[in-house]
Amino acid sequence: MSTPENPPPTGGDEPGRGLSGVQRAGIVLGALAVLLIVFVVLQGGDDSGNDSASSSSSAQTSTAAQSSATSTASTAQSTQSTSTGEDESESETGSTSTSTSTSTPSVPAAQTVNVVNGQPQGGVKTITFKKGDQAVLKVNSDTADEIHVHGYDLKKDVEKGGSVTFTFKATIDGRFEVELENAGTQIANLEVTP
């Protein structure tokens, strides 16, 4: 039995023979950065009432992830140019570049209900959102109670003279009561249109 005269290459360091270790690492880091960006964008707001902190944190994380992805892509492109023997000017004019751009969905202005003396100021009004929209409902109350958004079964306690904000995806169409739960007083109608 004879051994082959040209053994197969053992690494990817030769030009035209696959990706080098540095290129693989660049691709893995870029993929991780993209996954982080997707996670931050899909996570969206929460119902804790502290939307400004979470939005700011998400924006900072997203910006950091975008910066990391851009840096990783530049490093990978530079490494590829060096390992194939091209200079950077040839690489930039002869190759295509992929740009990753993400935009954080804008949170609409809050629809506000004011509760004065345990009653909705100006009467029970209808707050409308389209199905699939990000809904933001703020309740300012001079009465301590639990605010309950029926249909979505969202509940938050509000202190006397305080406010609460509900941020949620409008996924269920229909018309639902928003009420001061303990007092049993309707303060608004939530309408989600198809």
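**View 1. Tyr-152 is a buried residue of this predicted model, with a relative accessible area of 13%.** In this view, which belongs to a predicted structure, Tyr-152 sits in the loop between strand 5 (145–149) and strand 6 (154–158), whereas Phe-168 belongs to strand 7, and the two residues are 16 apart in sequence. Phe-168 is buried, as is Tyr-152. A third ring belongs to Phe-176, which counts as buried because its relative accessibility of 14% falls under the 20% limit. Tyr-152, Phe-168 and Phe-176 together make up one aromatic cluster.

**View 2. The aromatic pairs of the model, counted by their ring centres, come to 2.** Between Tyr-152 and Phe-168 the ring centres are 4.9 Å apart and the planes meet at 50 degrees, so this pair is tilted. Tyr-152 also pairs with Phe-176, in this case edge-to-face, with 5.6 Å from centre to centre and 80 degrees between the planes. The pair of Tyr-152 and Phe-176 links distant parts of the chain, since Tyr-152 is placed in the loop between strand 5 and strand 6 while Phe-176 is placed in strand 8, 24 residues apart.

**View 3. Lys-131 and Asp-173 form a salt bridge, with their closest N and O atoms 3.4 Å apart.** A search of the whole structure finds 1 salt bridge. Lys-131 lies in the loop between strand 3 (125–130) and strand 4 (134–141), and Asp-173 lies in the loop between strand 7 (162–169) and strand 8 (174–180), so the pair ties together parts that are 42 residues apart in sequence. Lys-131 counts as partly exposed at 44% relative accessibility, and Asp-173 is likewise partly exposed, with a relative accessible area of 35%. As general background, side chains of opposite charge can pair when their charged atoms come close.

**View 4. A nonpolar patch on the surface is formed by Val-28, Leu-29, Leu-32 and Leu-35.** Taken together, the four residues have about 390 Å² of accessible area. One of them, Val-28, is found in helix 1, which spans residues 21–43. Val-28 is partly exposed, its relative accessible area being 47%, and this value satisfies the requirement of over 30% for a patch residue.

**View 5. The protein chain as a whole contains 3 helices and 9 strands.** Read along the sequence, its elements follow the pattern α-α-α-β-β-β-β-β-β-β-β-β. Of the 194 residues of the protein chain, 27% count as buried, and the chain exposes about 12100 Å², of which carbon and sulfur atoms supply 51%. Among the contacts between residues at least 6 apart in sequence, 60% join residues at least 24 apart.

**View 6. Confidence along the protein chain has a mean pLDDT of 73, and 58% of the residues reach 70 or more.** Over residues 47–97 the pLDDT is below 50, although this stretch has 43 contacts in the model beyond near neighbours in sequence. Where pLDDT is low, the predicted coordinates should not be read in detail.

Notes
Residues numbered from 1 in each chain as written. Heavy atoms only, no water. Patch = residues over 30% accessible without salt bridge, like charges linked within 9 Å, V, L, I, M, F, W, Y side chains within 5 Å. Areas by Shrake-Rupley, 256 points an atom, 1.4 Å probe, with all protein chains shown as cover. Salt bridge = Lys/Arg side-chain N within 4 Å of Asp/Glu carboxyl O. Helix = DSSP H or I, 4+ residues; strand = E, 2+ residues; numbered from the N terminus. Buried < 20%, exposed > 50% of the residue type's maximum accessible area, 1.4 Å probe, protein only. Contact = heavy atoms within 4.5 Å. pLDDT = per-residue confidence, 0-100. Phe/Tyr/Trp six-rings, centres within 6.5 Å; stacked < 30°, edge-to-face > 60°.
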